[in-house]
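I opened the model to take notes on its strands, one helix and a few buried residues. My entries follow.

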Amino acid sequence: MTKPADLTPRPLNPAPPAPEFPWPNGKKSALFIGFDVDAETAWMGNRPENADRMVTTSHGGYDARVGTAKILTLLNDLGLRATFFIPGWTVEAHTAMCESIVAAGHEIGHHGYLHKCPDPTKPDEARDEIDRGMAALRARLGVTPVGYRAPSGENFAALLAYLQEQGLRYSSSFRDDIRPYRHRLPDGRPGPVEIPVNYAFDDWNFGMTSRVDPRPIFGRDAILPIWDEEFQGMHDWGGVTTMVLHPQVSGRPMRWRILRDFLAGVAARDDVWIATGAEITAHFEACETSARVAGAERDTG
Ligand SMILES: [Zn+2]
């Protein structure tokens, strides 16, 4: 028996809107390049019946065979650092691939264990995903992540509080702002920093199709105008452009070329701060500490 939903009218995210604060070195906006290295978990975390369907899960197998290495080459060629959110299962199944990401100097973030979509009706399962994912990143990679991106992009209040308890300083999942802000926990205490994502930069929407989830895919003539226009608008507004990319999508030949051309265009500018999630979070925290966050309702309790 599930309890009825609380439909009381109120802002469903109690966090205040993002405060004003400057980007470092006079930069006008930020670009956060985030990859979700789901591998096979994207195909069987929420659908375990697919675990024995070798062709269905082979979309995810592309990460370790081809996609991630191609993405690392691209970032190296452009001299860019990114954040790779990796489920614990992926770390255990494809350890060498994940080690290559660490060796290239990129940030590793938490992305659950089996990529189960956080379900507010199953809080124990959601906590278990955090615990097992954290353990895998520590044991196999020697990494203790500070950032979390929710698998399948879902989150809930009790999970935000648990992230905070486990030392995760930022989340990058919400779609409700254009600049980083600090979550507010159900008891009123400050929660993790949120680096909100821009769904127009989720490559899965444009570039993934499969027999079990068929949908149209789009090429350069559709994607680059959307990305360029959205990026320029975000830049003009002084926000952060947060990308949600997947090696099994953007590590494909056509998509790799589109991503290369977009990133090269941004990297050629001198007014954009291209930073990892950890760097953006550290900057936000430093601004809070030095009270450069204007108008923030900081809760010191
Ligand atoms: Zn994912």
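**Strand pairing**

I began with β8 and found that Val240 there is the bridge partner of Ala30. This is a predicted model, so I looked up the confidence further down. Ala30 falls in β1, residues 29-36, and β1 pairs with β8 in the parallel sense over 6 bridges.

I then asked how many residues of β8 are buried. In β8 (residues 240-245), 6 of the 6 are buried, so the strand is largely enclosed by the rest of the structure. Val240, Thr242 and Val244 point one way, while Thr241, Met243 and Leu245 point the other. In a regular strand, side chains alternate between the two faces of the sheet.

Next I followed β1 to β2. The two pair in the parallel sense over 3 bridges. Phe35 stands opposite Phe84 of β2. From β2 I went on to β3, residues 107-110, which runs parallel to β2 and is joined to it by 4 bridges. Here Phe84 stands opposite Ile108.

I checked both faces of β2, residues 83-86. Thr83 and Phe85 are buried on one side, Phe84 and Ile86 on the other.

**The nonpolar core**

Which residues touch the most other members of the largest nonpolar core? I noted Ala30, Phe32, Phe35, Phe84, Ile86 and Ile280, out of 63 residues in that core. Nonpolar side chains tend to be buried together in soluble globular proteins.

I picked Ile86 for its contacts. Not counting residues up to four places away in sequence, Ile86 touches Val37, Val91, Cys98, Ile108 and His111.

**Val91**

Val91 came up among those contacts, and I located it in helix α3, residues 88-93. Is Val91 buried or exposed? I count it as buried, because 27 other C-beta atoms lie within 10 Å and the cut-off for buried is 20 or more. Beyond four places in sequence, its contacts are Ile86, Cys98, Ala136, Leu137, Arg140 and Leu141. I also took one distance: Val91 and Met243 are 22 Å apart, C-alpha to C-alpha, with their positions 152 residues apart in sequence.

**Helix α6**

I listed the buried residues of α6 (residues 157-165): Leu159, Leu160 and Leu163. Seen down the helix axis, they fall within an arc of 105 degrees, so they line one face of α6. I looked up what these residues pack against and found α5 (123-141), β4 (147-148), β5 (170-171), β6 (181-184) and β7 (190-194). Just after α6, I noted a positive phi of about 85 degrees at Gly167.

**Val197**

I moved to the loop between β7 and α7 (203-207), where Val197 is found. Val197 counts as buried because it has 24 C-beta neighbours inside 10 Å. Leaving aside neighbours within four places, I found it in contact with Ser172, Ser173, Arg175, Thr242 and Val244. Two of these contacts, Thr242 and Val244, point one way from β8. The C-alpha atoms of Val197 and Glu107 are separated by 17 Å, at 90 residues apart along the chain.

**Record and confidence**

I checked UniProt, where an unreviewed entry lists residues 53-243 as "domain: NodB homology". Over residues 53-243, I read 47% helix and 13% strand, with the end C-alpha atoms 30 Å apart.

The chain averages a pLDDT of 95, and 96% of the residues score at least 70. I flagged residues 297-301, where pLDDT stays under 50 and the model has 7 contacts beyond four places in sequence. Where pLDDT is low, the predicted coordinates should not be read in detail.

Notes: Residues are numbered from 1 along each chain as its sequence is written. This is a predicted model: local features need pLDDT of at least 70, side-chain atom pairs count only at pLDDT 80 or more; totals for chains, interfaces and linings use all residues. A residue is buried if 20 or more other C-beta atoms lie within 10 Å of its own, exposed if 12 or fewer, and partly exposed in between; C-beta atoms are placed from the backbone. The arc is that of the directions from the helix axis to the C-beta atoms. Two residues are in contact if their C-beta atoms, placed from the backbone, lie within 7 Å. A nonpolar core is a set of buried Ala, Val, Leu, Ile, Met, Phe, Trp, Tyr and Cys residues joined through C-beta atoms within 7 Å. UniProt positions are given in the numbering used here, feature names are shortened, and annotations may be inferred rather than shown by experiment. pLDDT is the predictor's confidence in each residue, from 0 to 100. Two strands pair if DSSP finds at least two bridges between them.
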